Amino acid sequence: MSSTAWKKTPLYGEHVRLGARMVPFGGWLMPVHYSGIVDEHHSVRNAVGMFDISHMGQFIVSGTGACDWLDTMLTNKVAKLDVGQGQYTFLLNNNGGVIDDLIVYRTGDAEFLLVVNAAKVEEDFVWLEDHNVGQVSNLPSAKNRSADFGGVAIQGPRVVGLFHELLGQNVELPARNCIRDFVIENMPVSVSRTGYTGEDGVEVFFRANDAAKFWNLVLERGKKNGAKPCGLGARDTLRLEMCYPLNGSDLSAERNPIEAGLGFFVDLEKRQFTGRDKLLETKTNGARERLVAFKMNGKGPPPRPHYALFSNGNRVGEITSGTLSPSLNIGIGMGYVSAGSAKIGTPLEVEIRGQKFPATIEKKPLYKKQS
Amino acid sequence: MNVPDDLLYTRSHEWIRREGEKIRVGITDHAQAELTDVVFVELPKVGAQVEAQAAIAVVESVKAASDIYAPVKGTVVEANDALSNNPALINTDPFGEGWIFALKIDNPDDLKNLQSAQTYKDQIG
């Protein structure tokens, strides 16, 4: 693919102006870092950082049957959402494999917003449309609004202070996992209290036309709170310290949420949803392999995706995500290993360029806030 | 971007400083800026005989592992052990304290294949 084929978010010009290093990601040209991955990582852990998430997709699903229909398409229980609430959930194939992980918000009685991964927008939407046939009496309408919206994630312990600078001291942010509409400097925005970093934070969606104005307003008003632009590099180290999965690496069409240790976001009490039979089977018989988190025992080269994992000299699996943790200053990662070697505390060895380095399976998350 | 005039360069972003029969090698300011935060360096073994363009060291940033190549044929005579404890020297002083290894070269004529500072500047634009 030539560079002209990459899509650009409405914030592309701002990234270039700020000197970001741009890389292709999920079909988009995205900033990987501005000041440096480690510096941006610490900004989010200690102050506040802003990420462009305009590449992510937004679908609106509405109509009388919308809730029931989504409950047959997604693993978590949509019906338990009140208006203004959201939940993390999975879209599965017939074999229980993950097509996408996403957040669904109930924005009205019979209206839902789905926020999906950039690389999966087309696949998700086609899957949903193909399965929106006659299963419920009132066929809901699904609209792909991805191109109309821009979005940013604003993450870090000083996010509340930053929002007071934007909206006034007496304005409260929505509660965790909730979404609410605001108007900031004449820009209508939807603010949801969620994120992918393990810090307090929000994701804000706005009209694509307002993207640059909103971005610059946050950086300007956020100065006092140390707001910095952050790229995909820091987003990846932050999420991996929290053991949040990345679709395409830790999740795939061949892996189901039970194997990934994410059964919390699957409601097997629901009588029917795509992939349910397979998940029930995995739950009953036990997963053959499990997604574990590990830490390297000492200093050494950082673990990387696809490095082999060994236990007692036997190959037991492969790394799906790995990096040097800027917060812990040691190599960390996740990978699928045979169920017999997946217990917390199990010693592993990571093969790096023909040499084996010791690691230990740890409880998720790998990073916990000190306070 | 700093590109000292008195050094030679490879297309793969190593710099080479001639010191009599030996050359000292590191990665350029441009390369360290592209990699950002270097977190680990795998050094070549002193005494190893290496061919030109052989991958003999690895510089790892948070994001990725990058091979470092021997610019010419020779024998490794020094490796910068300071990088084991402080790999970030490659970021803070790429042409000085951040050097990676030194080679005793087999044939000084081999250096003719390397690029001048001006050619390297043109390469990185």
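**Exercise 1. Find where the salt bridge between A:Glu199 and A:Arg45 sits in the chain, and state whether its two residues are buried or exposed.**

Solution. Begin with the pair itself: A:Glu199 and A:Arg45 form a salt bridge whose closest N and O atoms are 2.9 Å apart, where a salt bridge is a side-chain nitrogen of Lys or Arg within 4 Å of a carboxyl oxygen of Asp or Glu. Next, place the two partners: A:Glu199 is in the loop between S12 and strand S13 (201–207) of chain A, A:Arg45 is in helix H2 of chain A, and the pair links distant parts of the chain, 154 residues apart. Helices (H or I, at least four residues) and strands (E, at least two) are DSSP runs, numbered from the N terminus. Then turn to accessibility, for which buried means under 20% relative accessible area, exposed over 50%, and partly exposed in between (1.4 Å probe, protein chains only). A:Glu199 has a relative accessible area of 6% and is therefore buried, and A:Arg45 counts as buried because its relative accessibility is 3%. Finally, widen the view: A:Arg45 and A:Glu199 are linked with A:Glu241 and A:Lys369 in a network of salt bridges.

The structure is a predicted model, in which local features need pLDDT of at least 70 and side-chain atom pairs count only at pLDDT 80 or more, while totals for chains, interfaces and linings use all residues. Residues are numbered from 1 along each chain as its sequence is written, chains are lettered from A and ligands numbered from 1 in the order in which they are written, and side-chain values use heavy atoms, with hydrogens and water left out.

**Exercise 2. Describe which residues of helix H2 of chain A are buried and what covers them.**

Solution. First list the residues: A:Ile37, A:Glu40, A:His41, A:Ser43, A:Val44 and A:Arg45 are buried in H2(A). A general point helps in reading such a list: an α-helix has 3.6 residues a turn, so residues three or four places apart point the same way. Then look at the surroundings, where the cover of these buried residues includes S3, strand S4 (48–52), strand S10 (149–155), strand S14 (227–230) and H7 of chain A.

**Exercise 3. Characterise the interface of chain A and chain B by its residues, its area and its polar links.**

Solution. Start with the residues: 16 from chain A and 14 from chain B take part in the contact, which means heavy atoms within 4.5 Å. Now take the area, bearing in mind that buried area is the accessible area (1.4 Å probe) that two parts lose on being put together, summed over both. Between chain A and chain B about 1,300 Å² is buried, and carbon and sulfur atoms give 54% of that. On the side of chain A, the residues that lose the most area to chain B are A:Ile37, A:Arg304 and A:Arg353, together 39% of what that side buries.

Then consider the polar links, among which there are four salt bridges between the two chains. B:Glu34 and A:Arg21 meet through their side chains in a salt bridge of 2.4 Å, N to O. The interface also has 11 residue pairs in polar contact, both residues at pLDDT 80 or more; a polar contact is a pair of N or O atoms within 3.5 Å, where within protein one must be able to donate a hydrogen and the other to accept it, and residues adjacent in sequence count only if both atoms are side-chain atoms. Lastly, ask which elements of chain A contribute: strand S3 (28–33), helix H2 (37–46), helix H7 (232–241) and strand S17 (314–325) each give two or more residues to the side that touches chain B. H7(A) supplies the largest share of that side, three residues.

**Exercise 4. Work out how domain 1 and domain 2 of chain A meet.**

Solution. Domain 1 covers 3–54 + 148–241 and domain 2 covers 288–362 of chain A, with bounds that come from an automatic or database domain assignment. Their centres, taken over C-alpha atoms, are 31 Å apart, and the contact takes eight residues from domain 1 and 11 residues from domain 2. The two domains bury about 680 Å² between them, 67% of it on carbon and sulfur atoms. From domain 1, A:Thr237, A:Leu240 and A:Glu241 supply 64% of the area buried against domain 2, more than any other three residues. The count of salt bridges between these domains is zero, whereas five residue pairs are in polar contact, both residues at pLDDT 80 or more.
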